[in-house]
Each structure stands twice: as C-alpha cells, then as structure tokens.
Amino acid sequence: MKNIAVVGAGTMGNGIAHTFAQSGFNVSLIDINEASLNTGLATITKNLDRLISKAVISETQKHETLSRISTFTDINSGVNNADLVIEAASEHLDLKLKIFKQLSDICNAKTILATNTSSISITQIAAVTNRPDRVIGMHFMNPVPIMKLVEIIRGYNTSDAVTKTIMEISKTLGKEPVEVNDYPGFVANRILMPMLNESIETLYNGVAGVKEIDNVMKLGMAHPMGPLQLADFIGLDVCLSILNVMYDGFKNPKYAPSPLLVNMVRAGKLGIKSGEGFYDYSTSRKAEVISSQFLK
C-alpha cells in the first residue's frame, strides 16, 4: 500500500497528508477549494521548516516529503489508483455520507475507505457504500504530525483483514493505534467532551472564572492545557457538534451541551479559529487574555 488519497485540506487533512508523505507514501490531497489546497500546502511547508529548525529532519527530507504530495480539486482524479482514501472533511453527517457514496462509486473495489470522524457512526457511513466491510475509522489527533494516538474504529461490518491492515499502516507512520468499537464519541471524545462541557457549565454557573478553571486542571490534574483553552483550540463549533452526536446517540442528558456553549457558537465565538472564545486571540494565539465577556 503506497498510494494514499486524503479528502479535505483543512487542519486535519493537511496534517494527515504531511504525516503519510513524510513516511514515504505518495499522497493525493483533495479539496474542491483551490485556496484551501494552497493554504494546506503552506501549512505543511511551515511545519516541515519547524522540524528542520529542531534538527528532526533535513532540507532534503523536506523536499522529498513535499514532492510526494499532489493536489487535486477533482475527487475523481485524486482517488485514481488510491489504495486507501481518508476522508477529513467537516464534521457534518450529510457531507460525509455524500462523499462516501461518491467514493464507493468511483474507487477500485479493493480500495479501503477510511474516515477521520471524531464521533459519527462508522456503521452509518459504511451503509451508503457498496463495501461496508472495507470502511473503517481512523481518528487522528490534532496536531497530526506530533500526536501518537490513532483511534481505529471498526464499523459493524468492518472486516478483520481491513482492521489489521489499518492497524499496521498506522504503526508505519510512527503512531500507536488503538482499536475501539463503533459507539457515539468512540473513546477519546466520549470521555473528553463531557469534561469540556462540564468545565463550560462550571463557568456558566459562576463557580469560578476562566483562568481559575484552567489552572485547577493544569496544576491539580497535570493537564498540559486547561479544558477551556483546549475547547478553544479544538473549536467550540466542533465541540458542540460532537456533543450533539453523543446526545442524539445515547439520549442521555449528561451529554446535552451547556447553554453557554450553544450561545457562544451561535454568536460566532468559536475559539482560536474565529479569534475569540473563552480567550481573546486577537494579538496572540496563546491563551493569555481572557475574553472580555468573562472578565469580572
């Protein structure tokens, strides 16, 4: 397996493309928006330059990595001859179902179809394809080139052979794959998102301020990043989407998103990506300035 196609050139997509290309795979990076492809390539180049500055890779390795990445705005051309296609589009069910139906129609029958979804049912996605046994979840963590974990999610019909193949290919990337079953939120977000949501609810109820909540978790629980800062980093819209998937899937009120989270997303306060969330990022991407709405 040498030819990989990645659908979506955003944060996760370009990170996945970077990781595979640096590990020697030929990568087709696909996005309908050419500007997104250019931004994705610029991000990969910047991250490779950072590795050079840390003496992790050489200038030659950088150029070799970039030479293995080809970009496409046409999905048909991009997935031609792909052994594995990884979908890394926005976390919206209808969009993912549309992409997988299309991939099912145009890809070789032996091509494995994977999704980087962080919460949506692999079984539901696989059901719109003509190869549910060859559909699997590969949930990479952000930032992809650095984080070791890949959640490997088996759908109801995912075959043992496909699971074994994806586990092995993840190891060749220097990752540590963990196999989990297909339930809302899988493992990572089933545990993480309720914690982030409870942190937001704690702020909403006036128990403590933004910095205080983050400092308790950093200093008391040895978390490298406070939960409110982490929510900003992930994107509050993404957090809300995942919580909604879990709430819909389990029908358990403990997964219901905090009213504060809902209102912030409605107001466009999405975290780093919008320039403001629980912190103000207008002058720095570091969580140093608390958003004015949360100042006492």
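The paragraphs below go through the charged pairs, a charged surface patch, some backbone features and one helix of this structure, which is a predicted model.

The charged pairs come first. A search of the whole structure finds ten salt bridges. One of them joins the side chains of Glu91 and Lys96, with a nitrogen-to-oxygen distance of 3.6 Å. Both partners fall under the 20% limit for a buried residue: Glu91 has a relative accessibility of 15% and counts as buried, and Lys96, at 1%, counts as buried too.

Another salt bridge links Glu179 with Arg154, and here the closest N and O atoms are 3.8 Å apart. Glu179 belongs to strand β8 (residues 176-181) and Arg154 to strand β7 (residues 149-154), so this pair ties together parts that are 25 residues apart in sequence. The surroundings of the partners can be read from their accessible areas. Glu179 is partly exposed, with a relative accessible area of 41%, whereas Arg154 is buried at 18%.

A salt bridge also forms between the side chains of Glu276 and Lys269, at 3.0 Å from N to O. In this pair Glu276 is the buried partner, with 17% relative accessibility, while Lys269 is partly exposed at 27%. Salt bridges also occur as a network, in which Asp49, Glu59 and Lys62 are linked.

Charge appears in another form on the surface, where Lys46, Arg50, Lys54 and Arg285 gather in a patch of positive charge. A residue needs over 30% relative accessible area and no salt bridge to be part of such a patch. Arg50 is partly exposed, with a relative accessibility of 37%, and sits in helix α2, which covers residues 34-53.

The loop between α2 and α3 (59-67) contains Ala55. Although this residue is not a glycine, Ala55 has a positive phi of about 60°. Ala55 counts as exposed, at 66% relative accessibility. A similar entry concerns Asn81, a residue other than glycine with a positive phi near 70°. Asn81 is placed in the loop between α4 (75-78) and β4 (84-87), and with 57% relative accessibility it counts as exposed.

A further backbone feature involves the peptide bond itself. Asn142 and Pro143 are joined by a cis peptide bond, with omega at about 0°. Pro143 lies in the loop between β6 (135-140) and β7. Strand β7 is also the element that holds Arg154, the partner of Glu179 in strand β8.

The last stop is helix α10, residues 227-234, whose buried residues are Pro227, Leu228, Gln229, Ala231 and Asp232. What do these buried residues pack against? The elements are the helices α8 (188-204), α9 (210-221) and α11 (236-250), together with strand β9 (279-280). Just after α10 comes Gly235, which takes a positive phi of about 110°.

To recapitulate the pairs, Glu91 and Lys96 both count as buried. The salt bridge of Glu179 and Arg154 joins a partly exposed residue to a buried one, and that of Glu276 and Lys269 likewise has a buried partner and a partly exposed one.

Definitions and conventions:
Residues are numbered from 1 along each chain as its sequence is written. This is a predicted model: local features need pLDDT of at least 70, side-chain atom pairs count only at pLDDT 80 or more; totals for chains, interfaces and linings use all residues. Side-chain values use heavy atoms; hydrogens and water are left out. Buried means under 20% relative accessible area, exposed over 50%, partly exposed in between (1.4 Å probe, protein chains only). Helices (H or I, at least four residues) and strands (E, at least two) are DSSP runs, numbered from the N terminus. Contact means heavy atoms within 4.5 Å. A salt bridge is a side-chain nitrogen of Lys or Arg within 4 Å of a carboxyl oxygen of Asp or Glu. Patches are made of residues with over 30% relative accessible area and no salt bridge: like charges are joined within 9 Å, nonpolar side chains (Val, Leu, Ile, Met, Phe, Trp, Tyr) within 5 Å. Accessible areas come from the Shrake-Rupley method with a 1.4 Å probe; for residues, only the protein chains shown count as cover. Lys and Arg count as positive and Asp and Glu as negative; His and the chain ends are not counted. The place of a charge is taken as NZ of Lys, CZ of Arg, CG of Asp or CD of Glu.
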